[in-house]
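Notebook open, model loaded. I'm jotting down what I look up as I go.

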Amino acid sequence: MAAVIRLLKSTTTRRHLSTTTTQWTPHRADPKPKNIQWVFLGCPGVGKGTYASRLSTFLGVPHIATGDLVRQELSSSGPLSKQLGEIVNQGKLVSDEIIINLLSKRLEAGEARGEAGFILDGFPRTVRQAEILDDVTDIELVVNLKLPEGVLIEKCLGRRVCSQCKKNFNVASINAEGENGRPSISMAPLLPPPQCESKLFTRSDDTEAVVKERLRIYNEKSQPVEEFYRSQGKLLEFDLPGGIPESWPKLLEVLNLDEQEEKQSAAA
């Protein structure tokens, strides 16, 4: 644990950012930031895993999802696998201490490999988790992805999974009118190839009632977390203007990242 704290806290530079969707301006000359220590927040179905993964590839830092850490430990013969198996089988929530234990191990392994930071997805979900995380590392930016609730529900209800290849698709074609001065939102469906069309199924928990309840619980718990990071000057709220083609360039813009510059740098 001490090694994790020493590595991550000693290399952190405080950066100024706006808490709106205006451009975030880090104090650096290097077009590709180093020692990234970011968190992605957002309602279920907003796409935080997708954007965190894309940024992970773009910046060359690992995308760490706490759900993946739990699944990896369950499939291993590690010291926590049996305890986790009992918790999951009983339908209980994994404790904050176990999650932080798994995360600390992952960060220590990253330190040994020379990783230049991380993008964390799915954690923290409560203020207590955020406080514990502050004792482990020094988060410098929290990106909060947002979509109107009606769009989130439509998006979740359109999700489909191929029973053969296990890939995810979305059959919803979303065209939502703008509200409260916000622009309208359009999202094209992510349709499967012909060989998957007859093999699609809907997840059992992707019903309107379940989706609305997930959103209610998330909103109830997330507001204090958002305020926790807002009070630290670390929260960047980003209203997604549409699907990936519309949102990705805008996200890079507010993060002050240049995709073309990065491509040229990689090719050099």
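**Helix 4 and what covers it.** I began with the cover over the buried residues of helix 4, and it includes helix 3 (66-74) and helix 5 (96-113). This is a predicted model, so I'm reading everything here as computed. Which residues of helix 4 are buried? Going through 81-89, I noted S81, L84, G85 and I87. Looking down the helix axis, I see those buried residues fall within an arc of 165 degrees, so they line one face of helix 4. I then turned to the other side of helix 4, where K82 and N89 are exposed.

**Whole chain.** Next I stepped back for the overall numbers. I count ten helices and ten strands in the protein chain. It has 268 residues, and 43% of them count as buried. For contacts between residues at least 6 apart in sequence, I get 71% joining residues at least 24 apart. The exposed area of the protein chain comes to about 14,100 Å², with carbon and sulfur atoms supplying 51% of it.

**L215.** I picked a residue in helix 8 (residues 208-231), namely L215. Is L215 buried or exposed? L215 has 2% relative accessibility, so I put it down as buried; the cut-off for that is under 20%. Leaving out residues up to four places away in sequence, I find L215 touching C43, P44, E149, L152 and I153. I also checked E149 by C-alpha atoms: E149 and L215 are 66 residues apart along the chain, and their C-alpha atoms are separated by 8.0 Å.

**Second largest pocket.** Helix 8 came up again when I looked at this pocket, as it gives the largest share of the lining, six residues. Strand 4 (141-146), helix 7 (149-157) and strand 7 (174-176) are also on my list, since each of them, like helix 8, supplies at least two residues of the lining. How much space lies in the second largest pocket? I have about 670 Å³. I note 31 lining residues, and nearest the centre of the pocket lie K146, L147, P148, R182 and D239. Sorting the lining by type, I get 15 nonpolar residues, eight polar and eight charged.

**Backbone oddments.** Last, I went through the backbone angles.

- I found a cis peptide bond between F123 and P124, with omega about 5 degrees. P124 sits in the loop between strand 3 (117-121) and helix 6 (127-136).
- I noted K166 for its positive phi, near 70 degrees, in a residue other than glycine. I place K166 in the loop between strand 5 (159-162) and strand 6 (168-170). Its relative accessibility is 55%, so K166 counts as exposed, the cut-off being over 50%.
- I also noted N256, another residue other than glycine with a positive phi, here near 60 degrees. N256 is in the loop between helix 9 (244-254) and helix 10 (259-267). Since N256 has 31% relative accessibility, I've entered it as partly exposed.

Notes. Residues are numbered from 1 along each chain as its sequence is written. This is a predicted model: local features need pLDDT of at least 70, side-chain atom pairs count only at pLDDT 80 or more; totals for chains, interfaces and linings use all residues. Side-chain values use heavy atoms; hydrogens and water are left out. Buried means under 20% relative accessible area, exposed over 50%, partly exposed in between (1.4 Å probe, protein chains only). Helices (H or I, at least four residues) and strands (E, at least two) are DSSP runs, numbered from the N terminus. The arc is that of the directions from the helix axis to the C-beta atoms. Contact means heavy atoms within 4.5 Å. Accessible areas come from the Shrake-Rupley method with a 1.4 Å probe; for residues, only the protein chains shown count as cover. On a 1 Å grid over the protein atoms alone, a cavity is a set of points where a 1.4 Å probe fits but cannot get out, and a pocket is an open set with protein on both sides within 12 Å along at least five of seven lines; lining residues have an atom within 4 Å of a point. Grid points are joined across faces, edges and corners, and a volume is the space filled by probe spheres set on the points. Ala, Val, Leu, Ile, Met, Phe, Trp, Tyr, Cys and Pro count as nonpolar, Asp, Glu, Lys and Arg as charged, and the others, Gly among them, as polar.
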